[in-house]
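Colleague: I have a model open and would like to learn how to read its features one by one. Could you walk me through them?

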Amino acid sequence: MHTKAMTFSRHILEEAKVQQDMTAELSSLLMQMGYVGKILSREIARAPLKGRLGLVGETNPTGDAQKKLDVYTNDIMVEAFSETGPVAGLVSEELEELKILSLGREAKYILCTDPLDGSSNTDINAPIGTIFGIYRCSGNNHRELEQNLLNERMKQIAAGYVLYGASTMLVYTCGHGVYGFTLDCDLGEFLLVHENISCPARGHYCSANLGRYHEWSSDIQNFIAHLTVHDPSTRRPYSLRYTGALVADFHRSLLEGGVYFYPPDADHKNGKLRFLYECAPLAFVVEQAGGCASTGTQRLLDLKVELLHQRAPFVIGSTEEVALYEKFLTGGT
Ligand code: AFP
């Protein structure tokens with residue numbers, strides 16, 4: 001079985017034969033991301049044995065309490081991409097500023113990442129993830145790179161995530177479909193399991209932190225009232241699934257259909273999730289799979305960002321549910 005299987009590296013090489021934008025530099029960057037996914041998978045599994053659970057006692061640039069694993073996985077990410085040439089700059093949830101990694105000729109990309117998504121799950125052995133978005137870049141120094149990234153003169157050309165769950169999965173797109181690979185730990189290879197993933201146009205799961213229900217606008221409360229009405233002819237009520245790790249909750253919507261949303265609340269006036277390394281990469285993935293991502297009032301990827309750690313209201317998943325959410329938010333129902 002394994003001799004026929006398509007490894008992640010071979011998949012990238014095959015794509016490079018037919019996709020012009022899959023340059024040698026992008027291929028090597030993506031392969032390195034696969035390698036990082038394997039290291040993180042191993043280190044996350046060992047964390048309880050190595051004393052790497054619990055809090056550090058510091059906060060990250062957006063005010064979240066940092067877990068030891070947040071810092072450790074960020075250090076691994078920085079180290080892994082400092083050793084290779086294609087990444088000019090790294091934007092991470094755990095770093096205040098864009099970090100220059102290389103200004104060499106090969107350094108054509110900016111990597112935006114949340115190295116450890118869902119940190120509240122680390123200490124209870126629940127799913128967590130790594131999110132990445134890759135932007136083509138130009139710029140000779142820190143200021144130019146950051147300005148170009150924020151002015152959207154750089155295009156997101158690849159994105160994906162690694163999900164550390166019952167098994168470790170890597171899902172990626174480089175703008176020509178979405179592919180999902182499962183890590184075979186014995187072989188040390190990500191093997192293709194989900195070819196050309198298509199997000200169902202409609203599902204019956206919804207994911208949101210309903211603990212915030214009373215802080216949400218009446219439009220969103222009405223949307224929830226709609227989803228929870230008992231009407232089997234329209235497959236309602238929807239079932240609630242919420243792990244507290246965006247990657248895990250989104251992954252369910254991507255494969256099985258449904259909707260994930262994180263609207264503004266009392267503590268997060270502009271939503272909680274960060275645009276560059278949480279929302280935008282998953283938006284790119286979902287659109288490539290035929291789904292949708294929005295702020296509730298506009299396409300997510302059309303949003304102009306001014307700050308590296310800018311937050312955005314976020315809804316993502318099946319086209320029908322995202323459209324319905326927008327309809328409730330813009331007074332269409
Ligand atoms: P981090 O662990 O990277 O900070 O991400 C957590 C997260 O941004 C996202 O993964 C979850 O969907 C969301 O927060 C959960 O937030 P609540 O605990 O407020 O529901």
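Modeller: Gladly. Let us begin with one side chain: K67 has a relative accessible area of 10% and is therefore buried, since buried means under 20%. Keep in mind that this is a predicted model.

Colleague: Which residue does K67 meet in a salt bridge?

Modeller: Here is the general idea. Side chains of opposite charge can pair when their charged atoms come close. In this structure, the side chain of K67 meets that of D123, with 3.8 Å from N to O. K67 lies in strand β2 (residues 65–67) and D123 in the loop between β5 and β6, so the pair ties together parts that are 56 residues apart in sequence.

Colleague: Is D123 buried or partly exposed?

Modeller: D123 is partly exposed, because its relative accessible area is 37%. The buried partner in this pair is K67, at 10%.

Colleague: How many salt bridges does the structure hold?

Modeller: There are 16 salt bridges in the structure. A good second one to look at joins E43 and R52, whose closest N and O atoms are 3.4 Å apart. E43 has a relative accessible area of 5% and is buried, whereas R52 counts as partly exposed at 22%. This pair also belongs to a network of salt bridges that links R42, E43, R46 and R52.

Colleague: What does R274 pair with?

Modeller: One salt bridge brings together the side chains of E93 and R274, at 3.6 Å from N to O. The two come from distant parts of the chain, 181 residues apart: E93 is in the loop between β3 and β4 (99–100), and R274 is in the loop between β13 (259–262) and α7 (275–288). Both ends are out of reach of the probe to a great extent by the numbers: E93 is buried at 4% relative accessible area, and R274 is buried at 3%. R274 also forms a salt bridge with D64, where the closest N and O atoms are 2.9 Å apart.

Colleague: Now for the domains. What does the domain assignment give for the protein chain?

Modeller: The assignment gives domain 1 (8–194) and domain 2 (205–329). Their centres, taken over C-alpha atoms, are separated by 23 Å.

Colleague: How many residues of each domain are in contact with the other?

Modeller: On the side of domain 1 there are 45 residues, and they are in contact with 30 residues of domain 2. About 2,800 Å² of area is buried between the two domains, and carbon and sulfur atoms give 66% of that. For the specific pairings across this interface, the rule finds two salt bridges and twelve residue pairs in polar contact, both residues being at pLDDT 80 or more.

Colleague: Which elements give two or more residues to the side of domain 1 that touches domain 2?

Modeller: Those elements are β3, β5 (109–117), β6 (128–136), α4 (142–150), β7 (156–164) and β8 (168–173). Of these, β7 gives the most, with eight residues. Sorted by class, this side of domain 1 has 21 nonpolar, 16 polar and eight charged residues.

Colleague: Could we take one residue from a strand and follow its contacts?

Modeller: S92 is a nice choice, as this residue lies in strand β3 (residues 87–92). S92 counts as buried because its relative accessibility is 0%. Its side chain has a polar contact of 2.6 Å with the side chain of N74. Leaving aside neighbours within four places in sequence, S92 is in contact with N74, T113, P115, Y277 and H309.

Colleague: Last topic, the backbone. Where is the cis peptide bond?

Modeller: The cis peptide bond joins R236 and P237, with omega of about 10°. P237 lies in the loop between α5 (218–227) and β12 (239–240). R235 is found in that loop between α5 and β12 too, and its phi is near 55°, a positive value in a residue other than glycine.

Colleague: What is phi of N196 near?

Modeller: Phi of N196 is near 45°, again positive in a residue other than glycine. N196 lies in the loop between β10 (189–194) and β11 (205–207). At 46% relative accessibility, N196 counts as partly exposed, and R235 is partly exposed as well, at 45%.

Conventions
Residues numbered from 1 in each chain as written. Predicted model: local features only at pLDDT ≥ 70, side-chain atom pairs only at ≥ 80, totals over all residues. Heavy atoms only, no water. Helix = DSSP H or I, 4+ residues; strand = E, 2+ residues; numbered from the N terminus. Buried < 20%, exposed > 50% of the residue type's maximum accessible area, 1.4 Å probe, protein only. Polar contact = N/O pair within 3.5 Å; in protein donor to acceptor, adjacent residues only side chain to side chain. Contact = heavy atoms within 4.5 Å. Domains from an automatic or database assignment. Buried area = accessible area lost by both parts, 1.4 Å probe. Salt bridge = Lys/Arg side-chain N within 4 Å of Asp/Glu carboxyl O. Nonpolar A, V, L, I, M, F, W, Y, C, P; charged D, E, K, R; others polar.
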